[in-house]
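Please look over the model shown here and read the briefing that follows, which moves from strand pairing to burial and then to the relation between the chains.

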2 protein chains.
Amino acid sequence: MEMRTIDPKTVATRDLHQFLLGSVAPRPIAFASTIDEEGRLNIAPYSFFNAFSSNPPILVFSSNRRVTNNTTKDTLHNIQKTKEVVINVVNYNIVRQMAIASVEYPTDVNEFEKAGLTAIPSEVVKPMRIKESPAQMECIVDEIITLGDQGGAGHLIICKVVRMHVAENVIDEKNRIDPHQMDLMGRMGRAYYVRCSGSNVFPIVQPVTQIAIGFDALPQNIRNSRILTANNLAQLAGLLEMPTKEASQALTQNESLASLLKMPDRSLLLHNYAKQVLDLEGDPEKAMKVLMLE
Amino acid sequence: MEMRTIDPKTVATRDLHQFLLGSVAPRPIAFASTIDEEGRLNIAPYSFFNAFSSNPPILVFSSNRRVTNNTTKDTLHNIQKTKEVVINVVNYNIVRQMAIASVEYPTDVNEFEKAGLTAIPSEVVKPMRIKESPAQMECIVDEIITLGDQGGAGHLIICKVVRMHVAENVIDEKNRIDPHQMDLMGRMGRAYYVRCSGSNVFPIVQPVTQIAIGFDALPQNIRNSRILTANNLAQLAGLLEMPTKEASQALTQNESLASLLKMPDRSLLLHNYAKQVLDLEGDPEKAMKVLMLE
């Protein structure tokens, strides 16, 4: 893989900015609701945002200095004065309304009205929640850390969640959020967004407290496969132990496998068979047994 | 929308954790490479991660205390001693290898070998880069901020990018990263991931320095449409000015629109026509002109 090497000290800020945004993605979106000392409402989206701790529940987002004129934003001014914010999430249904709220309206313009969104009272803090958002997090701001004084410089706004509201219709019977019902949007580089539902969203299950065998335990004929991808090999490497030879041999009771073993190109056929077991059945233990027949 | 209200002080940490992870998503993944004082290599993935500033280029990730036994991780120990890390991104091709690296192997195990990944030297820092990752960011750690002392508590690891490497094959002719070639993975709640390429990734263009008319400028017949979605209305609200009546009337030279205007249910038909113009042509100015014919 040919790589382009970039020195942040010598590349144009604009180019570095886009290389970072295209690489550090997808980014969750904080649709931040604040209020000023005169009671004026403000909402604006920020994608330099994430959770960083669950106990205590800490969210961090950054309201950056504008690259164009090195000024700061209403969200930051309001938080500096009031130390409160409601962070609302952005799903597909409201993503274009969010885009309207990103327009740099003058301070006295209420973005709720501009974006056609509904302000509803919070329980603990003064800023309003966005009714149309499927998850709303009322926060007290613990600290603001300034990262620089040039255009593009961020401010880490460290928020403690004091109350959370989640739409009942995105919570499943196991008391967990269903990503497909939630239908969140993520921010990518340039003007790109990603919609997080449908077939692009899938689980990858790997126990972390039990010790997987790893790539170095895979037999050479498997590691050197011309059929299996790195992801396929990783599925096999994620097993907690190698199957026994007996368990592998027992598979030959399967007629199609038994006949396949008689073919001259049995190696190729076994690898293809194992790949199907991995990709379609998601059963690395069975796939490993198949490959051990080689 | 019926909401469930959660008080972080009274809900189980485990449940709060999952509500936060399901709401603050999709999260980018930092595949962090570190080295200890004895030269032993470590790689591990973290999704409490984001960019927070481009000038200076600052990335922040958190290595959290384990919820199970309140211990901390090798990545954190190594960074506390060496103040260096390489943050590699995770795309679809290596996501299952990343999952292997998330297994809690003993300190003396090299996760590069376990995950079948290739360690290559960095230019500025001691930790190795992951060759298979399409973007690798060499970082000096500026500061570590502790967020708590209980299980689940995070540490903000504030990293300055001192060198960046991006695969040439993900950079397009405009010198920008193509998200489809990059094919990044994002982290969702529970075991879910999102693949960020294909039709789920699309641009949303909204100028932010020019002032959009906003929802409050939309005529009532449009705002109350039973056909147009909130996203459709937001596309119209994103226009910089209303078209003139003359420009709207000029559309009646289009024969199908002219005949549509003679129908008894012209209002419904016009809204459906406008919706198609928005959804398929992505042309809010034309859609607005159509709706003004009502």
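In this predicted model, strand β2(A) is joined by six bridges to strand β3 (residues 41-46) of chain A, the two running antiparallel; two strands pair if DSSP finds at least two bridges between them, and helices (H or I, at least four residues) and strands (E, at least two) are DSSP runs numbered from the N terminus. Residues are numbered from 1 along each chain as its sequence is written, while chains are lettered from A and ligands numbered from 1 in the order in which they are written. Local features need pLDDT of at least 70, side-chain atom pairs count only at pLDDT 80 or more, totals for chains, interfaces and linings use all residues, and side-chain values use heavy atoms, with hydrogens and water left out.

**Strand β2(A) and its partners**

- Ala32(A) stands opposite Ala44(A) in β3(A), and in the hairpin of β2(A) and β3(A), with five residues between the strands, Gly39(A) takes a positive phi near 85°.
- Strand β2(A) is also joined by three bridges to strand β6 (residues 84-88) of chain A, again in an antiparallel arrangement, and there the bridge partner of Ala32(A) is Ile87(A).
- Because six of the six residues of β2(A) (residues 30-35) are buried, the strand is largely enclosed by the rest of the structure; buried means under 20% relative accessible area, exposed over 50%, and partly exposed in between (1.4 Å probe, protein chains only).
- Ala30(A), Ala32(A) and Thr34(A) point one way from β2(A), whereas Phe31(A), Ser33(A) and Ile35(A) point the other way, and all are buried.

**A sheet built from both chains**

- An open sheet of three strands follows the order β13(A)-β12(B)-β11(B), with antiparallel pairing.
- Strands β13 (201-203) of chain A and β11 (184-187) of chain B stand at the edges, each with a single partner strand, so one side of each is left without a neighbour in the sheet.
- Four bridges join β11(B) to the antiparallel strand β12 (residues 192-196) of chain B, where Arg195(B) stands opposite Met185(B).

**Core and buried elements**

- The largest nonpolar core (buried Ala, Val, Leu, Ile, Met, Phe, Trp, Tyr and Cys residues joined through side-chain atoms within 4.5 Å) has 96 residues, and those with the most contacts inside it are Leu59(A), Leu59(B) and Phe61(B).
- Leaving aside neighbours within four places in sequence, Leu59(B) is in contact (heavy atoms within 4.5 Å) with residues including Leu20(A), Val24(A), Phe49(B), Ile87(B) and Met137(B).
- Helix α1 (residues 13-23) of chain A has eight of its eleven residues buried, so it is largely enclosed by the rest of the structure; among the buried residues are Leu16(A), Phe19(A) and Leu20(A).
- Ala212(A) lies in the loop between β13 and α6 (220-223) of chain A and, at 2% relative accessibility, counts as buried.
- The C-alpha atoms of Ala212(A) and Leu240(A), 28 residues apart along the chain, are separated by 4.5 Å, and the contacts of Ala212(A) beyond four places in sequence include Val103(B) and Tyr105(B).

**Chains and domains**

- A turn of 180° with a shift of 0.0 Å along the axis lays chain A on chain B with an RMSD of 0.0 Å, where copies are superposed by least squares on the C-alpha atoms of residues with pLDDT of at least 70 in both.
- The two copies are thus related as by a two-fold rotation axis, and the same surface serves both, since 100% of the contact residues of chain A recur in chain B.
- The domain assignment, whose bounds come from an automatic or database source, gives chain A domain 1 (13-200) and domain 2 (215-291), with C-alpha centres 46 Å apart.
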